Amino acid sequence: MLHHAMKLKFIVMKELLLFLLLLRFLPLTSQVIDDFETGNCERWKQSPSGRWSCSGENPLDDRYSLKHSFDNSESGTDCISIGFDDIDLAKPVEWEFDIRYEYSPSASNNWAVYLVSEKASDYMNATSNNQSVILGVNQTGSNDLLTLYHQDGNKVNEVLSTSFNWQDLSDNAVFHFDIKYDGEGKWLLYGGVEDTSLIGTAEFLPPLDYFNFFGLKYAYTSSKDRLLSFDNFSLQGALVIDTIAPVLRSIDFPTRKSLDLLFSENIYAGDDFQISLAGRPYDSICIDRNRISLYFQEELKNRESCL
């Protein structure tokens, strides 16, 4: 039996040099949306945990908003992030969201939005090694001006300091942001309470080819927690296109009616591909990470050509 299987494996592997796997990689766009109306934040990673919730208490819109909800007896810095597939920074990207901050900002009480981040919420602070583009107030000082920053390693520098002073807003104001990046270094910052208008422009090329995370950081003193809310998040961009087709690494025969193909990278059911085994039909297919399993109605016979 073992000798027979070895012959079968050798012959079919030899013929499968002509095995054809066609993967056509198409330009793809990504849209990450969360209006928090599900009432949970399971898609978001908190650091530390238990600091944020999807709250129905005075939401920015509809029934729920993401809200800092931890009653801290001490001062703190709490972050939350959402991850997604690689978004290409060589192509245009647009972010939209609403924020309400119910206090006047200071050096100790402030907020930041990590528009672009190489790493998740654990690294969304000035002391961690991260590459990010940040929109916020008082991240390097206390002038209360809305500012675009770049974090390079553990250094945060201003890219654009706008003339918009967050102190001019009432505590209950819901501010809508629309941030556009053209993929070539130009940033357009739009925002407003009733209507959005251009707040500032900047020229800055992030030193990243793509990014995987978006997030919020909230720094507060013990009496000023639970004052930041966020809603109506939308991120649109182009996914990084994988132009290198997977390589067939090995072939195995678990049974006489099945064939396993092991590739150099994961294969996804949503990929556009075709499998041709010299016209031999298979009954079903199963994709498990980098393995494709083919199942046949009839046995694969020894020494039968697959050409």
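**Warm-up: one tyrosine**

In which strand is Tyr220 found? Let us locate this residue and then describe its surroundings.

*Solution.* Start with the ground rules: this is a predicted model, in which local features need pLDDT of at least 70 and side-chain atom pairs count only at pLDDT 80 or more, while totals for chains, interfaces and linings use all residues. Residues are numbered from 1 along each chain as its sequence is written, and side-chain values use heavy atoms, with hydrogens and water left out.

Step 1. Tyr220 is found in strand β15, residues 210–220. Strands here are DSSP runs of E with at least two residues, helices are runs of H or I with at least four, and both are numbered from the N terminus.

Step 2. Tyr220 has 1% relative accessibility, so this residue counts as buried. The scale is: buried under 20% relative accessible area, exposed over 50%, partly exposed in between, with a 1.4 Å probe and protein chains only.

Step 3. Leaving out residues up to four places away in sequence, Tyr220 touches a set of residues including Arg51, His68, Phe70, Ser108 and Asp225. A contact means heavy atoms within 4.5 Å.

Step 4. Pro105 is 115 residues from Tyr220 along the chain, yet their C-alpha atoms are separated by 9.4 Å.

**Exercise 1: the whole chain**

Find how many helices and strands the protein has, and describe its burial and contacts.

*Solution.* Step 1. The protein has 1 helix and 21 strands.

Step 2. Of its 307 residues, 47% count as buried.

Step 3. Take the contacts between residues at least 6 apart in sequence: 64% of them join residues at least 24 apart.

Step 4. The accessible surface is about 15,600 Å², with 47% of it belonging to carbon and sulfur atoms. These areas come from the Shrake-Rupley method with a 1.4 Å probe, and for residues only the protein chains shown count as cover.

**Exercise 2: a sheet of 7 strands**

Work out the strand order of the sheet that holds β15, and follow the pairing from β8 to β11.

*Solution.* Step 1. The order is β3-β6-β15-β8-β9-β10-β11, an open sheet with antiparallel pairing. Two strands pair if DSSP finds at least two bridges between them.

Step 2. At the edges are β3 (44–47) and β11 (155–165), each pairing on one side only. On average, neighbouring strands are turned by 20 degrees against each other, direction ignored. For such angles, axes are lines fitted to C-alpha atoms (for helices, over the stretch in contact), and angles run from 0 to 180 degrees between N-to-C directions.

Step 3. Strand β8 (residues 110–117) pairs with β9 (residues 130–137) over 5 bridges; here Val113 has Leu135 as its bridge partner.

Step 4. Next, 8 bridges join β9 to β10, with Ile134 opposite Tyr149. Strand β10 (residues 145–153) has 8 of its 9 residues buried.

Step 5. Finally, 7 bridges join β10 to β11, and Gln151 is partnered by Val156. These two strands form a hairpin with 1 residue between them.

**Exercise 3: core and rings**

Identify the residues with the most contacts inside the largest nonpolar core, then classify the ring pair Phe164 and Phe175.

*Solution.* Step 1. The largest core has 50 residues, and those with the most contacts inside it are Trp95, Phe97, Trp111, Leu115, Trp187, Phe214 and Phe230. A nonpolar core is a set of buried Ala, Val, Leu, Ile, Met, Phe, Trp, Tyr and Cys residues joined through side-chain atoms within 4.5 Å.

Step 2. Another core, of 11 residues, lies apart from it and has Ile292, Leu294, Phe296 and Leu300 among its members.

Step 3. Searching the whole structure gives 24 aromatic pairs. Rings of Phe, Tyr and Trp (its six-membered ring) pair if their centres lie within 6.5 Å; planes under 30 degrees apart count as stacked, over 60 as edge-to-face and the rest as tilted.

Step 4. The ring centres of Phe164 and Phe175 are 5.1 Å apart and their planes stand at 50 degrees, so the pair is tilted.

Step 5. Phe164, at 22% relative accessibility, counts as partly exposed, whereas Phe175, at 2%, counts as buried.

**Exercise 4: a sheet of 4 strands**

Name the edge strands of the sheet that contains β17 and β18.

*Solution.* Step 1. The order is β17-β18-β21-β20, open and antiparallel.

Step 2. The edges are β17 and β20 (284–288); each has a single partner strand, so one side of each is left without a neighbour in the sheet.

Step 3. β17 (residues 248–252) and β18 (residues 258–263) are joined by 4 bridges, and they form a hairpin with 5 residues between them. Across this pair, Ile251 has Leu261 as its bridge partner.
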